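Please look over the sequence and the structure below before reading on. The paragraphs that follow lead through the structure one part at a time.

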Amino acid sequence: MSTSRPPVTDEISWVLAPLLELPGVLHAVIATGDGLIEGASKDLSRASAERVAAMTATVHAAARAFTTAFTDVEQPKLAQTVVESDLGFAIVVPAGQNTSLAVFAAPDAQLGNVAYQMQVQVAALSRAMASPARQQDAVART
């Protein structure tokens, strides 16, 4: 059993650790809807993570506008946005209210596995953020 810390930074980044263990997943970021970074993989520089967070918001806005142009539905719910390049895949999924999860995976990554694990981690993040704050027990308060 490994006792090393997950390769992530920032408090909410625990969500990224299982994704970064998947074969082919190189980087991951949690971003707000307005493009601010909430967490990032350790090997991604702060400047790169901030650019990714900003672009995540831009990509999601463009994908919604693109879908609206085709369907005339004003607020489509996005399931995921995938950008494929010769360097690999950028995948963005909604991760709760005003939050997105983005990963970058190598060209040979198993996209089905990556997309599935992203949804698993989004569900874990939603449960964690919906949990009430822990209350101190009565003994500790006296």
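**A walk through the predicted model**

Glu-50 is partly exposed, with a relative accessible area of 40%, and this residue makes a convenient starting point for a tour of what is a predicted model. Its partner is Arg-46, with which Glu-50 forms a salt bridge whose closest N and O atoms are 3.1 Å apart. Arg-46 is likewise partly exposed, with a relative accessible area of 47%. The two residues are four places apart in helix α2, which covers residues 46–71, so they are separated by about one helical turn. In general, side chains of opposite charge can pair when their charged atoms come close. The count of salt bridges comes to one.

From this pair we can step back to the whole chain. The protein chain contains four helices and six strands, and from the N terminus on these elements run β-α-β-β-α-β-β-β-α-α. Of the 142 residues in the chain, 38% are buried, while the accessible surface comes to about 9100 Å², with 56% of that surface belonging to carbon and sulfur atoms. Among the contacts in the chain with a separation of 6 or more, 45% are accounted for by residues 24 or more positions apart.

Helix α2 deserves a longer look. This helix has 26 residues and reaches 37 Å from its first C-alpha to its last, which is close to the 38 Å expected at 1.5 Å a residue. Which residues of α2 are buried? They are Ser-48, Ala-49, Ala-53, Thr-56, Ala-57, His-60, Ala-63 and Thr-68. An α-helix has 3.6 residues a turn, so residues three or four places apart point the same way. The cover over the buried residues of α2 includes the strands β2, β3, β4 (81–85), β5 (88–94) and β6 (99–105).

Other residues of this helix are open to the surroundings. Arg-51, which also has its place in helix α2, is exposed, with a relative accessible area of 52%, a value that falls on the exposed side because the cut-off is over 50%. Between the C-alpha atoms of Arg-51 and Leu-36 the distance in space is 9.0 Å, although these two residues are 15 residues apart in sequence.

Further along the helix there is a meeting of two rings. A search of the whole structure finds one aromatic pair, and Phe-66 and Phe-70 form this pair in an edge-to-face arrangement, with 5.1 Å from centre to centre and 80° between the planes. Both of these residues lie in helix α2, four residues apart, or about one turn of the helix, and Phe-66 is exposed, as is Phe-70. Just after α2 ends, Asp-72 takes a positive phi of about 60°.

Next come the strands, beginning with two that precede α2 in the order of elements. Strand β2 (residues 25–32) is joined to β3 by three bridges, and the two strands run antiparallel. One bridge can be picked out by name, since the bridge partner of Ile-30 in β3 is Gly-39. Together β2 and β3 form a hairpin with four residues between them, and in the turn Gly-35 has a positive phi of about 90°. Is strand β3 largely enclosed or largely open? Four of the five residues of β3 (residues 37–41) are buried, so this strand is largely enclosed by the rest of the structure.

A residue from strand β4, Val-82, offers a contrasting setting, for Val-82 is partly exposed, with a relative accessible area of 41%. When neighbours within four places in sequence are left aside, Val-82 is in contact with Phe-89, Ala-90 and Ile-91. The C-alpha atoms of Val-82 and Val-92 are separated by 6.5 Å, and the two residues are 10 residues apart along the chain.

The last stop is Gln-117, which lies in helix α3 (residues 111–130). Is Gln-117 buried or exposed? With a relative accessible area of 18%, Gln-117 is buried, because a residue counts as buried when its value is under 20%. Leaving aside neighbours within four places in sequence, Gln-117 is in contact with Pro-18, Leu-19 and Leu-22.

Notes:
Residues numbered from 1 in each chain as written. Predicted model: local features only at pLDDT ≥ 70, side-chain atom pairs only at ≥ 80, totals over all residues. Heavy atoms only, no water. Buried < 20%, exposed > 50% of the residue type's maximum accessible area, 1.4 Å probe, protein only. Contact = heavy atoms within 4.5 Å. Areas by Shrake-Rupley, 256 points an atom, 1.4 Å probe, with all protein chains shown as cover. Pairing = 2+ DSSP bridges. Salt bridge = Lys/Arg side-chain N within 4 Å of Asp/Glu carboxyl O. Expected span 1.5 Å × (residues − 1). Phe/Tyr/Trp six-rings, centres within 6.5 Å; stacked < 30°, edge-to-face > 60°.
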